[in-house]
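Me: I am a first-year student, and I would like a close look at one part of this chain. Could you take me slowly through its sheet, and say what lies against it?

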Amino acid sequence: MIDIKPSKADAYKFFHEGVLAFNRAEEQGLRIDLEYCERVQKELSEEIKTILKGFYQTRFYKDWNRSTKGKPNINSNSQLGHYLYKVKKLEPPKTTETGQGSTDEEALESFDIPEIKDLLRVRKLKKIRDTYLKGFIKEQVDGYIHPNFNLHTVRTFRSSGNSPNFQNIPKRDKEAAEVCRKALFARPGNHLVEVDYSSIEVCISACYHKDPNMIKYIEDPESDMHGDMAEQIFFLDKLDKSIPGHKTLRSAAKNGFVFPQFYGDYYGNNAPALACGWGGLPENKRWGKGQGVEREPDLFLSDHLRKNGIRSLRSFTEHIKKIEHHFWNQRFPVYNQWKEDWWNEYQAKGYIDMYTGFRCSGIMSRNDATNYPIQGTAFHCLLWAFIKLDKVIRKMRLKTRLIGQIHDAIVLDVPPDELKKVSKILKKVMVDLLVKEHDWIIVPMAIEMDVGGPGESWNELKPYEMK
DNA sequence: GGAACTCGCCAC
DNA sequence: AAACGTGGCGAGTTCC
């Protein structure tokens, strides 16, 4: 069978159109509340000052100060590392790429030294103040920022962003997300809208490996891959879906096992991450009674695991090793075989081709070779929709503006009287047309939309019923 | 005094 | 046998 794919020329034309569409979005930009940014910067500076005032009085700081040749600097992680690991001779919980004792949040938290908690708090506040608020102010012109989107910087042919980077504004950390996103708005009276593809990398991976079990998970709305993995990992039965801890355990399975496995991680890293996810680690290599999330009233997860013969990280790791084997050999064997075949093909040819006509060459690891096509192609779905939407919106002379993009999501500025119409166009273009015009998309695609009220910030978006 | 590097941390 | 993919950016540090 002849495999018809877009050519490199098509890929070039596609990115050329993408650059133009992104450029129009950059020109639009989004509104920032400059006064808010400046006020919060000052408030953060005050809080930092107060924390440091106390910190400078501590024995911890004075010892550090004495042991450092030259000017002491509390922003210097190399000084902190020197003090903790050379002067105080603490054992580094982990090391960096270059073999130095790590001073990241996870490493520092393991010490339970109150002064270090202050330093971590300061680090977090400075991140918000200096990377985000300061970045917005720096790039602001007449109350608008114009984030840049690039198509020429990424090995996988994804996009990147800068000045400011619109693609890494805090979201998971509630405090940081609120402070940063409260600065950003649609035009006065308009809705800020964010529409994203659901699990797009999982869908696109299925288009490559065509694993029937994975396709079933995608097609059946009643099925739940992460829920199933949580059941298997934590010895839960079906009834457990109604218990309060289920949500925690499901997201532990999703973020501690399933996604890392898809990126090429292994059980040895998954087990400690999972144990953190339910609250059994890192303090205890062996867990006692009454630890972790409550599985049901008076039955904690540590007790539940003990009942199933898992009393320590060691036995939990063995358990996860078996689950990994099952995951790739029983649950998704076709995906597993595809990874093997794909890797062999790369080794034979020296490059990999995507459905979208792009070719990645150069030295790649096993994980690279299987991750790149999925990551790139997933983004190309978004880009295809972005280009199409840009055309449709202009042709229809709508006042709605495309203003940015975050790999699998599009951000728009929408007047109230266009909201309903735009939500229909989004569904039509991002789902119906995308699938119709790409014959290699063999699974259903889905989108979700969040909308802010008129005049509300990016922090206030709520789910929107698209119908 | 700037380029290049390291580290940490934000996003998907 | 080996062992998590892609970026940007601020601050500190080192090199020239």
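Reply: Before turning to the sheet, it helps to know that two strands are said to pair if DSSP finds at least two bridges between them. With that in mind, the model shown here, which is a predicted one, contains an open sheet of five strands, and these follow one another in the order β11-β12-β6-β13-β14 with antiparallel pairing. The edges of this sheet are formed by β11, covering 401–405, and by β14, covering 462–463, each of which pairs on one side only.

Within the sheet, strand β6, made of residues 191–197, runs antiparallel to strand β13, made of residues 447–451, and the two are joined over five bridges. One residue pair can be picked out by name, since V195 has M449 in β13 as its bridge partner. Against the sheet packs helix α16, residues 366–395, which touches β6, β11 and β12, the last of these being 409–414. The direction of α16 makes about 165° with that of β11.

As for how far the prediction can be trusted, chain A has an average pLDDT of 90, and 97% of its residues score at least 70. The confidence is lowest in strand β7, residues 294–296, where the mean is 73, while helix α17, residues 419–437, has the highest value, at 97. Neither β7 nor α17 appears in the strand order of the sheet described above, which reads β11-β12-β6-β13-β14.

How values were computed: Residues numbered from 1 in each chain as written. Chains lettered and ligands numbered in written order. Predicted model: local features only at pLDDT ≥ 70, side-chain atom pairs only at ≥ 80, totals over all residues. Heavy atoms only, no water. Helix = DSSP H or I, 4+ residues; strand = E, 2+ residues; numbered from the N terminus. Contact = heavy atoms within 4.5 Å. Axes fitted to C-alpha atoms, helices over the stretch in contact; angles between N-to-C directions. pLDDT = per-residue confidence, 0-100.
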